[in-house]
Amino acid sequence: MGEDGAVTSAPQCPDGPTPATRLIATDLDGTLLRDDKSVSERTVAALAAAEEAGIAVFFVTGRPARWMGVVSDHVQGHGLAICANGAAVVDLHAIDRHATDGQTTGRQPSGREFVQVRPLPRITALKVVEALRAAAPGTSFAVELTTGINYEPQYPPFFQDPGANVATAETLLHEATDDDSAPVLKVLAHHSELAPDEFLALARSVAGAYASITRSSPTSLLEISGPGVSKASTLALCCEERGISPAEVVAFGDMPNDVEMLGWAGTSYAMGNAHPDVIAAASGRTVANNEDGVALVIERILAERTARTEA
């Protein structure tokens, strides 16, 4: 989800020649998706044109797999997406098409397939919960599993799941339940009084040694993953498997959970609506998500490729 910020009228591109693009890695909310969570016709066309030109497109998001129906029709041959800030690689071709954006249909959709999982160890998650309870009283937690989400009674009702277990984080992470063997993808921590960036800085100072901590919401909602797990590290693994170097990757993002990915990619763009930390991390800037900033850059990449071929 994006935040208000300056909007440029055209992409600001890195200086010098750009290596041939082999993979586009794009965040979803506040980046590829418009604010109404739709994918514009222009963006759909640009994604299809990139794939047709031999450029792989990876969606790299903080969303859980069950919220990927909004883009599952827009992946091509490989069908893969990086979800939960790098904690899971998911085959979108197998996602239950009855799952709708921002909602659940109970527990695990029948067709969903996790290709790779990089879990948050439960003992590590408990250390983070303990540290945040001491440093930021009033913090409430949710636990995101491969099977769905469970949460504390005080956790805000962002999206209610009728199949969720409701208990303290310590209980959810300790006690044997139907989900006791399901890997923990991330822990969510919410605070109703601290400012978002203040909460993030505090959490990193007291618990950053245990886990990767970031945020993608404009509210004070933190996302806690296993040590070393991020969009960047999982994207790097996927690219290594395909023989793709960072210099051949173009990445897009708008929020702090995109910062590492934008720094890793050879070419990166902050959206016109991006958080200041994202603007500082990216090598270029495009227009806002509501102005199809990702599509605009893809169109330029393809136009430049065509011009080189015809020269």
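## Salt bridges across the model

Welcome to this structure, where a search of the whole of it finds 14 salt bridges. Please keep in mind as you look around that this is a predicted model. A good one to begin with joins the side chains of Arg 34 and Asp 292, with N and O 2.8 Å apart. Arg 34 sits in the loop between α1 (28–32) and α2 (41–52), while Asp 292 sits in the loop between β13 (284–285) and α9 (293–310), so this pair ties together parts that are 258 residues apart in sequence. The two partners are covered to unlike degrees: Arg 34 is partly exposed at 28% relative accessibility, whereas Asp 292 is buried, with a relative accessible area of 7%.

Another salt bridge pairs Asp 197 with Arg 215, and here the closest N and O atoms are 2.9 Å apart. Asp 197 belongs to helix α5 and Arg 215 to the loop between β9 and β10, so the pair links distant parts of the chain, 18 residues apart. Is Arg 215 buried or exposed? Its relative accessible area is 1%, and because the cut-off for buried is under 20%, Arg 215 counts as buried. Asp 197, by contrast, is partly exposed at 37%.

Glu 241 and Arg 242 also form a salt bridge, with their closest N and O atoms 3.5 Å apart. Glu 241 is exposed, with a relative accessible area of 61%, and Arg 242 is partly exposed, with 33%. Elsewhere, Asp 27, Lys 231 and Asp 258 are joined into one network by salt bridges that share partners.

## A five-stranded sheet

Now turn to an open sheet of five strands, whose order is β7-β6-β8-β10-β9 and whose pairing is antiparallel. At its edges are β7 (148–151) and β9 (212–214), each of which pairs on one side only. From one strand to the next, the twist averages 20 degrees. In general, strands of a sheet pair through backbone hydrogen bonds, either parallel or antiparallel.

Two helices lie across this sheet. Helix α3 (residues 122–135) lies across β6, β8 (184–190) and β10 (221–225), and runs at about 165 degrees to β6. Helix α5 (residues 196–207) lies across β8, β9 and β10, running at about 170 degrees to β9.

## Strand β6 and its partners

Strand β6 (residues 140–145) is a good place to look more closely. It is joined to β7 by four bridges, and the two strands run antiparallel. They form a hairpin with two residues between them. Along this pairing, Ala 142 stands opposite Tyr 151, and Glu 144 has Ile 149 as its bridge partner. Strand β6 is also joined to β8, here by six bridges, and again the strands run antiparallel. In that pairing, Phe 141 stands opposite Ala 189.

How many of the six residues of β6 are buried? Six of the six are, so β6 is described as mostly covered, given that buried means under 20% relative accessible area. Both faces take part: Ser 140, Ala 142 and Glu 144 are buried on one side, and Phe 141, Val 143 and Leu 145 on the other.

The neighbouring strand β7 holds Asn 150. This residue is buried, with a relative accessible area of 4%. The side chain of Asn 150 reaches the backbone nitrogen of Asn 165 at 2.8 Å.

## Two nonpolar cores

The largest nonpolar core has 34 residues, and those with the most contacts inside it are Phe 59, Met 68, Val 71, Phe 252 and Ile 298. Two or more residues come from each of α1, α2, β2 (56–60), β3 (80–83), β4 (88–91), β11 (249–253) and α9. Which element gives the most to this core? It is α9, with six residues.

Ile 298 is worth finding in the view. Leaving aside its neighbours within four places in sequence, Ile 298 is in contact with Ile 24, Ala 46, Leu 47 and Ala 50. There is also a second, separate core of 27 residues, which includes Ala 136, Phe 141, Leu 200 and Ile 224. Phe 141 brings us back to strand β6, where it is one of the buried residues.

Methods
Residues numbered from 1 in each chain as written. Predicted model: local features only at pLDDT ≥ 70, side-chain atom pairs only at ≥ 80, totals over all residues. Heavy atoms only, no water. Pairing = 2+ DSSP bridges. Axes fitted to C-alpha atoms, helices over the stretch in contact; angles between N-to-C directions. Contact = heavy atoms within 4.5 Å. Buried < 20%, exposed > 50% of the residue type's maximum accessible area, 1.4 Å probe, protein only. Polar contact = N/O pair within 3.5 Å; in protein donor to acceptor, adjacent residues only side chain to side chain. Salt bridge = Lys/Arg side-chain N within 4 Å of Asp/Glu carboxyl O. Core = buried A, V, L, I, M, F, W, Y, C linked by side-chain atoms within 4.5 Å.
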